[in-house]
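Please study the sequence and the three-dimensional structure shown below before attempting the exercises. Each exercise consists of a task followed by a worked solution.

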Amino acid sequence: MGIFRYTKLAYREPDEMLFGHAKFPVSAHWGLQFGAGYVVPEVKVAPEAGSERSKEVMVKECESIAEQAAGRAVDIGLPAFLLEQEHVYQQTHFPDWGGACTRAQADVLERFHNEYGIKCGLRQTVGDTRLEERGGLRGTDYDNEIAESIEQCAKNGASDIAAETMGGKSVLDYGSMRGDIRAILFGIGVLGSIDMEYFWKRAVRICSHYNCNPAGDTNCSGANSVMYIAGGLLGKDFSHTGAALARAISAARSLVAVECGATGPLKDCGYENTIVKAICGVPIAQEGKNAVCAHADVMGNLTCQVADVWSNESVFHREEMGGPTPGVWLQATGYEAALMNTAIQTGNAKILRDLYTLTDKYRDPQGTLLAYDNAFRVAGAIVEYGKDPYLRARAAALECSKVITEAYDAKKLMLTRFELDSLNKYTSVLEGLPMESERFIDECMKEYPKRIPTFDPKSYGL
Amino acid sequence: MTLDWESRENTDFVYRRYNVIVEGPAIKPEDDKDVKKNMPPKEPFRELALAVIHGDSDRAREATKTALASTPPLDVIEKGLSKGMDAVSALYAKGAYFLPDVMLSADAMMVGMNMADAKLGKAREKKGTVVSFVAEGDPHDIGKNLVVMFLRSNGYEVVDLGRDVPNADVVSAVKKAKPVMLTGTALMTTTMTNFHHVSDMLKKEGISLPIFGCGGGAVKRDFVESYDMGVYGVKAFHATKLADAAVAGKTWKDMRKEYPKIVGEFVGEYADRL
Ligand code: B12
């Protein structure tokens, strides 16, 4: 049976969107709410090198991450925070490791919650250990262990489960390396959407048996990979206009988790969530300037604009001069959230929102796309074709192209020749694509399976 | 939006798009002065090189077909196609070409090279063999795929073991292929430790590779140099220069010391070893 598809936006106009506020707030245990009128800071820290040598060491490691984060939260007076553990391979591959690590962290948070009344949450992001070229994405041992790991985490005290699934990656990688926008659209918009439906129907079902929210799934393997490869202004590996198009496409794909029942807060990393929030009104996590520990982006302030959870990105677990990284980076996101919450409490939130947006709106075409007024337009294009994953992804890309071209023509956004040429080239390819899903898929299936040895059509029921 | 920029000038205090500011005039790649210097002047070689430079696989197929009618396959590769790829590397290194351009050129190069190889009928002598893998438990393979592409299009035979490769498989591939170097890629704190294990296992087998290069997110030079044979690889396109050095007899110890010299550019990660 088909799933529910969005054909309307959650908001009437972009100005209704604001950080700390979601149309459909979410509650979690330990008193935490998302999108309920305040912004929640988040921290995530990667287990140290060598901690994979045994389950006991890994559990201790995760426990100490939780302890250091919670300790700092109380030390600097944070009212609330979310701890996220992005699984390393071993925590998903051995589901009992994932379960035991979750239990250890949940115990720490519960203790702090009971002692200080601090609101906290625990997000477990399972790793997508499936390998398309090794047996495909469905029904393999890898696939089954993910389901089991989700269950272990949900059972052992996670307040929500997130993921960054890799459906469509084989084709997307081919496309991004060659500047082939059709492959990018097929990889993220079609294959990614198909796999999301498979993955999230199951994840939602598992979570429903426990006191645990199925949160959502960001397009790390697409939108974020491409942003990372595009790099800074002087980067020469991928055009920033192309990265903007890929991100617009990824919003149509990441929406599928919500259509399967995910509630948010949607996971950060792909930066597509402003668009998704405009469509479905669920709370979102975002990252930007406080993710500098992990990567450089060119829209560090802008992404605060409508965030409900403000996050860093997995950082080494080690000592900084200011203390262990779980505390250091929670302090960074915590103070930013405090600023946003002060703005909300004093009636200045919309001004702060617009200041955040304006600092980066024309720094880069990716910021132009994500500025909430423009993101809203792209969201509108998606729901216009909401019932068809391919057509809505294509519409998102075309609207993105329009938004960037208008800003360029108005001389607000400057573009290099390379950025402009690639935008024009990609746009004319997109315009020439068929208006029927089946025809598009047929055409792609004639070409990509023979060109991309790791692409396994069976994994998508094709 | 309730706020907006009133005029463009104001933004200069907030951000500057340096890529636009420093952009030079548009020139055809074949008019670049470094490319000009090394372009084969005569046909059919010039057309072969141009097909590669423009990343045009169809043109490369035609040019190779024409060239093979009158020219030995080895010359088609070495005096034509490879010259084109050299130009592409130079353009990429100076920022005139972007990665997708390089990939399309590599595709065109491979089209021509496969046709020439087929005509040759016997295995062509490669510059050397390299084994490439992504560490066990790690799915991050973009960097590794780039390394493989750069090496292949520069005349190396590459045994590509893929991603999430068990350490034992790496060791047996090395024993079988006897490569001039092994490239490992890992991006995570808890998978990069496999490099150390592989190094230990190779040592136990009495194998000493001239170089064991690695790169990636969590991986830092200190870590890679904490075990024998480890050489920290920074950019994927460095792999060809490193392989050339390995073929020329440089050991992993030399490579650690001379990395910036070998790759021929400033490398921040090796700033203390200029
Ligand atoms: C893209 C990406 C992904 C994509 C990968 C897609 C793909 N096809 O590979 C996807 C979505 C699959 C992914 C998944 C995950 N990821 Co990830 N990912 C990244 C990201 C953003 C960029 C990596 C990348 O592709 N870079 C571009 C390529 C070109 O770079 P590269 O491979 O490093 O290669 C360069 C150099 O290293 C060099 N090089 C590489 N090899 C060699 C070899 C030689 C010889 C030489 C000379 C040079 C060289 O050349 C390249 C440059 O030219 C990084 C961020 C970061 N800071 O690195 C996180 C990152 C690596 N991921 C991270 C995490 C946590 C994960 C997940 C575990 C998250 C989760 N729980 O789901 C999962 C993995 C699940 C699993 N199976 O275990 C963390 C790792 C944290 C840690 N523990 O160490 C990082 C650091 C992000 C972060 N800070 O949170 N990820």
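The exercises below concern a predicted model, and each solution proceeds step by step.

**Exercise 1. Characterise the contact between chain A and chain B.**

Step 1. Begin with the residues that take part: 55 residues of chain A are in contact with 41 residues of chain B.

Step 2. Consider the area next. The two chains bury about 4,300 Å² between them, and 60% of this lies on carbon and sulfur atoms.

Step 3. Turn to the charged pairs. Seven salt bridges are counted between chain A and chain B. In one salt bridge, the side chains of Asp364(A) and Arg17(B) meet at 2.9 Å, N to O.

Step 4. Add the polar contacts: 22 residue pairs are found across the interface of chain A and chain B, with both residues at pLDDT 80 or more.

Step 5. Identify the elements on the side of chain A that touches chain B. At least two residues each are supplied by α2 (89-93), α5 (169-178), α7 (220-230), α11 (349-360), α13 (372-384) and α15 (417-431) of chain A. The largest share, seven residues, belongs to α11(A).

Step 6. Sort the residues on this side of chain A by class: 24 are nonpolar, 11 are polar and 20 are charged.

**Exercise 2. Locate the ligand and describe the shell around it.**

Step 1. Establish the position: the ligand lies between chains A and B.

Step 2. Examine the surroundings. The ligand is surrounded by 44 residues, of which the closest are Lys169(A), Ser314(A), His140(B), Thr185(B) and Thr189(B).

Step 3. Trace the shell to its elements. At least two residues each come from β5 (119-126), α5 and α7 of chain A, and from α7 (142-153) and β3 (181-185) of chain B. The largest share, five residues, is contributed by α7(A).

Step 4. Classify the shell: it has 18 nonpolar, 18 polar and eight charged residues.

Step 5. Inspect individual atom pairs. Thr185(B) places a polar side-chain atom 2.8 Å from a nitrogen atom of the ligand. A polar backbone atom of Asp128(A) is 3.2 Å from a nitrogen atom of the ligand. For Glu86(A), a polar side-chain atom lies 3.4 Å from an oxygen atom of the ligand.

**Exercise 3. Explain why α5(A) is largely enclosed by the rest of the structure.**

Step 1. Count the buried residues: 10 of the 10 residues of α5(A) are buried, and therefore this helix is largely enclosed by the rest of the structure. Among them are Lys169(A), Asp173(A) and Arg178(A).

Step 2. Find what covers them. The cover includes α6 (181-207), α7 and α16 (437-451) of chain A, together with α6 (99-120) and α7 of chain B.

Step 3. Look just beyond the helix: α5(A) is followed by Gly179(A), whose phi is positive, near 65°.

**Exercise 4. Decide for Ser159(A) and Lys28(B): buried or exposed?**

Step 1. Place Ser159(A) in the loop between α4 (141-155) and β6 (160-163) of chain A.

Step 2. Apply the cut-off of under 20% for buried residues. Ser159(A) has 2% relative accessibility and so counts as buried. Residues that Ser159(A) touches include Ala28(A), His29(A), Gly121(A) and Cys212(A).

Step 3. Place Lys28(B) in the loop between α1 (18-21) and α2 (33-38) of chain B.

Step 4. Apply the cut-off of over 50% for exposed residues. Lys28(B) has 52% relative accessibility and therefore counts as exposed.

Methods
Residues are numbered from 1 along each chain as its sequence is written. Chains are lettered from A and ligands numbered from 1 in the order in which they are written. This is a predicted model: local features need pLDDT of at least 70, side-chain atom pairs count only at pLDDT 80 or more; totals for chains, interfaces and linings use all residues. Side-chain values use heavy atoms; hydrogens and water are left out. Helices (H or I, at least four residues) and strands (E, at least two) are DSSP runs, numbered from the N terminus. Buried means under 20% relative accessible area, exposed over 50%, partly exposed in between (1.4 Å probe, protein chains only). Contact means heavy atoms within 4.5 Å. Buried area is the accessible area (1.4 Å probe) that two parts lose on being put together, summed over both. A salt bridge is a side-chain nitrogen of Lys or Arg within 4 Å of a carboxyl oxygen of Asp or Glu. A polar contact is a pair of N or O atoms within 3.5 Å; within protein, one must be able to donate a hydrogen and the other to accept it, and residues adjacent in sequence count only if both atoms are side-chain atoms. Ala, Val, Leu, Ile, Met, Phe, Trp, Tyr, Cys and Pro count as nonpolar, Asp, Glu, Lys and Arg as charged, and the others, Gly among them, as polar. A residue is near a molecule or strand if one of its heavy atoms lies within 4 Å of it. Lists of a residue's contacts leave out its neighbours within four places in sequence.
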